Amino acid sequence: MNIEELRNHCLAIKDAEECTPFGEDVMVYKVMNKMFAFFPLNPKGNEHFVVMKCDPERTVELRERYEGVTKGYYAGNNLMWNSVYIQRDVPDKLIVELIEHSVEEVVKQLPKAKREEYERLSL
């Protein structure tokens, strides 16, 4: 997967919004005004990654299984955010699934009325 494909997958999410609140060099993706993914356009070492929300139990499994899944950049030791390196050993299909999982994690933390509103939205 390359950075443009990653961007396209994020934008394919229902109600996805692309913005740059951290500066023009960091792309942020939100649903219902809540962030589900972000990535720097010019990462140090030129190795592209995306930071996404994840269920903490799944985080542990992913980090043990893939070299390309590490603690979330800017997230400290928080198990709810992972950095996923898009050109390492993480399959593209899994990256796409993790984008969707991140959205699910964000939506399930919304207030009930907002969750229901999101569910009613169409693609």
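**Exercise 1.** Work out how many residues of each class, nonpolar, polar and charged, line the largest cavity of this predicted model.

*Solution.* By class, five lining residues are nonpolar, one is polar and one is charged, where Ala, Val, Leu, Ile, Met, Phe, Trp, Tyr, Cys and Pro count as nonpolar, Asp, Glu, Lys and Arg as charged, and the others, Gly among them, as polar. To check this, list the lining, which is Met52, Lys53, Cys54, Leu62, Asn82, Val84 and Leu98. A cavity is a set of points on a 1 Å grid over the protein atoms alone where a 1.4 Å probe fits but cannot get out, and lining residues have an atom within 4 Å of a point. Residues are numbered from 1 along each chain as its sequence is written. The model is predicted, so that local features need pLDDT of at least 70 and side-chain atom pairs pLDDT 80 or more, while totals for chains, interfaces and linings use all residues, and side-chain values use heavy atoms, without hydrogens and water.

**Exercise 2.** Find which strands each supply at least two residues of this lining, and place them in the sheet.

*Solution.* Strand E4 (49–53) and strand E6 (81–85) each do so, strands being DSSP runs of at least two residues, numbered from the N terminus. Next, read the order of the open sheet of six strands, E1-E2-E3-E4-E6-E5, whose pairing is antiparallel; two strands pair if DSSP finds at least two bridges between them. Strand E1 (17–19) and strand E5 (69–71) are the edges, each pairing on one side only. Finally, follow one bridge: Ala37 has Met52 in E4 as its partner, and Met52 also belongs to the cavity lining.

Key. On a 1 Å grid over the protein atoms alone, a cavity is a set of points where a 1.4 Å probe fits but cannot get out, and a pocket is an open set with protein on both sides within 12 Å along at least five of seven lines; lining residues have an atom within 4 Å of a point. Helices (H or I, at least four residues) and strands (E, at least two) are DSSP runs, numbered from the N terminus.
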